[in-house]
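Hi,

Here is the structure I promised to pass on. Have a look at it first, and then read my notes below.

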Amino acid sequence: MFTDMDWWTKIRLEVLRGERSKREILRREGIHWETLKKILEHSEPPGYRMKHSRPKPKIGPYLEHIAQIIEEDKALAKKQRHTAKRIYERIKEMGYEGKYTQVKEAVREIRRLRQEVYMPLTHDAGEAQVDFGYALAKVGGVLRKVAFFVMVLPHSDAFFVMAFERERTESYWEGHVRAFAFFGGVAQRISYDNSRTLVAQIVGPHERKLTDGFLKLQSHYLFREHFCRVRRPNEKGVVEGVVKFARLNFFVPVPQVEDLETLNRQLTELCREDMKRRLRGKSGTKAELLREDQAAFLPLPPAAFDACRKQPTRGNSLSLVRFDDNDYSVPVAYAHHEILIKGYVDRVVLCHRDKVVAEHPRSWGKEGVFFDYRHYLPLLERKPGALDHALPLADLHLPECFDTLRRRLCAEESRKGEGNREFIRVLRLLEDYPMGKVRKAVEKATRLGVHSRDAVLQFLTPRFCWEKTSFLLDGREHLRGVKVPTVDVSVYGTLLSGGVP
């Protein structure tokens with residue numbers, strides 16, 4: 001049993017080599033003269049070829065209208081574009097009598113032929129592209145969506161990925177700072193999409209009014225910017241592909257971490273590992289090609305960009321300041337004072353006249369109040385009656401030895417109701433010493449039966465041990481010639497007797 005190609009080749013060999021006549025082949029194979037003619041003209045079966053397209057009497061009159069609907073859809077969001085079924089329903093109202101299958105095939109063919117064709121581009125060394133993506137991660141036992149920053153160097157395909165709570169100005173800043181440090185230099189030119197975090201207003205196809213946040217970053221690092229045309233993400237297609245690659249390779253399976261800091265350490269290590277890969281059509285690994293990018297980089301500035309959003313404010317009567325719809329405490333000494341808030345991606349730093357007075361982990365929630373109980377201890381010493389109802393101390397779980405100390409202080413008659421005040425003075429030691437050390441000191445004081453702030457402090461102060469000290473003459477060469485005479489003990493006896501030595 002011959003296959004089609006076997007049969008085709010056998011006939012061509014027999015006829016064209018003169019081994020059999022055409023008439024003999026026609027009689028033996030039972031084929032038409034036109035079929036034999038086609039076999040002799042083509043070295044392989046040419047397949048079915050239509051001289052004229054089939055008529056489409058039912059769908060034909062509506063093809064132009066279908067194409068118009070598809071073209072108008074390009075100006076709309078993808079989720080509100082016509083489906084083939086909706087187009088079928090619309091042209092059915094216009095009199096179409098055919099079936100849905102013809103409409104579906106027509107829509108598929110029109111969309112296929114109208115797909116955009118892109119020009120392959122070269123990528124100069126020292127250029128970068130930036131974008132944000134989103135993926136699920138289990139952080140602290142909670143499954144949630146995180147934003148991740150991606151900067152890629154198209155010439156070498158080296159990239160840097162970092163996860164954030166949200167896509168915000170601070171996230172862009174911190175991402176650039178970390179990426180430049182990772183690559184060892186600043187890209188000459190960086191391409192972006194038209195995020196509202198970066199672009200305040202789109203003036204024209206290529207003109208943008210940039211946000212102050214972006215301009216501060218650019219002024220510090222001196223790179224040139226390029227913004228894609230609206231709805232033209234293909235202009236930074238490399239980073240679009242890396243966002244997809246990172247989501248499929250770095251976030252699958254869903255990472256389970258304690259916090260974002262741990263996740264970012266893992267992502268940085270994965271980026272380093274990826275540098276060992278060799279690109280298709282390239283002569284070396286990504287790490288080797290990165291050297292060409294680095295040769296074209298701008299140098300890193302002497303000081304890194306301070307990636308924080310600054311907001312001047314004033315402490316209120318509760319010794320709180322508000323930032324990003326959350327309240328953070330400052331020491332009561334700075335209530336009603338001018339405070340400069342520095343909001344980083346992971347912390348909030350509070351300053352007064354260039355002095356850092358408080359620092360809190362940043363909350364990305366809303367309407368939260370975050371106290372540092374130590375900020376309120378001086379006020380509590382002046383108002384000891386608020387000890388049991390002070391909100392900043394509500395979540396402070398003191399060791400049992402503190403309760404023992406307080407009971408004994410309040411029970412001593414000699415204190416005449418001043419036990420709570422003295423106990424607060426003990427709590428104020430937490431302003432200068434860690435909880436673990438104060439706990440041990442309080443345990444020792446209660447064990448020895450001494451109940452006061454000064455007694456506890458005595459056990460906190462490092463005790464001087466002369467046996468472990470030494471005096472070095474390095475740098476004191478002039479002392480080498482000093483001779484100290486031997487002590488005459490009898491002189492001390494003369495002093496005790498009242499005599500004169």
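Let me start at Val491, which sits in helix α17, spanning residues 489-496. Keep in mind that this is a predicted model. With a relative accessibility of 34%, Val491 counts as partly exposed, because buried would mean under 20% and exposed over 50%. Together with Tyr492, Leu495 and Leu496, Val491 makes up a nonpolar surface patch of about 430 Å² of accessible area.

A word of caution on that patch: among the elements of the protein chain, α17 has the lowest mean pLDDT, 73. Where pLDDT is low, the predicted coordinates should not be read in detail. The highest mean, 96, belongs to strand β11 (residues 326-329). Over the whole protein chain the average pLDDT is 88, and 92% of the residues score at least 70.

Now for the inside. The largest nonpolar core has 58 residues, and the ones touching the most other members are Phe149, Met151, Val161, Phe183, Ile190 and Phe223. Strands and helices both feed into this core: β1 (127-139), β2 (142-153), β3 (158-164) and β4 (189-192) each supply at least two residues, as do α7 (169-183), α8 (212-221), α9 (237-250) and α10 (260-274). The largest share comes from β2, with eight residues.

If you want one residue to click on there, try Val161. Leaving out neighbours within four places in sequence, Val161 is in contact with Phe148, Phe149 and Val150, and also with Ala246, Phe250, Leu267 and Cys271. There is also a second, separate core of 23 residues, with Leu380, Phe402, Leu429 and Ala441 among them.

Thr197 is worth a look too. Thr197 lies in the loop between β4 and β5 (199-202). Is Thr197 buried or exposed? Thr197 is buried, because its relative accessible area of 18% falls under the 20% cut-off. Not counting residues up to four places away in sequence, Thr197 touches Glu167, Arg168, Thr169, Tyr172 and Thr211.

On to the charges. I get 38 salt bridges from a search of the whole structure, and a few of them caught my eye.

- Asp157 pairs with Lys286, with the closest N and O atoms 3.0 Å apart. This bridge links distant parts of the chain, 129 residues apart: Asp157 is in the loop between β2 and β3, and Lys286 is in helix α11 (residues 286-296). Both Asp157 and Lys286 are buried.
- Glu261 pairs with Arg265, and here the closest N and O atoms are 3.5 Å apart. Both lie in helix α10, four residues apart, or about one turn of the helix. Glu261 and Arg265 are both exposed.
- Arg277 pairs with Asp274, the closest N and O atoms being 2.7 Å apart. Arg277 is partly exposed at 35% relative accessible area, whereas Asp274 counts as buried because its relative accessibility is 8%.

Some salt bridges also share partners: Arg168, Glu170, Arg309, Asp324, Arg362 and Lys366 are joined into one network that way. You have met Arg168 already, as one of the residues that Thr197 touches.

That's what I have for now.

Cheers

Terms used. Residues numbered from 1 in each chain as written. Predicted model: local features only at pLDDT ≥ 70, side-chain atom pairs only at ≥ 80, totals over all residues. Heavy atoms only, no water. Patch = residues over 30% accessible without salt bridge, like charges linked within 9 Å, V, L, I, M, F, W, Y side chains within 5 Å. Areas by Shrake-Rupley, 256 points an atom, 1.4 Å probe, with all protein chains shown as cover. Salt bridge = Lys/Arg side-chain N within 4 Å of Asp/Glu carboxyl O. Buried < 20%, exposed > 50% of the residue type's maximum accessible area, 1.4 Å probe, protein only. pLDDT = per-residue confidence, 0-100. Core = buried A, V, L, I, M, F, W, Y, C linked by side-chain atoms within 4.5 Å. Contact = heavy atoms within 4.5 Å.
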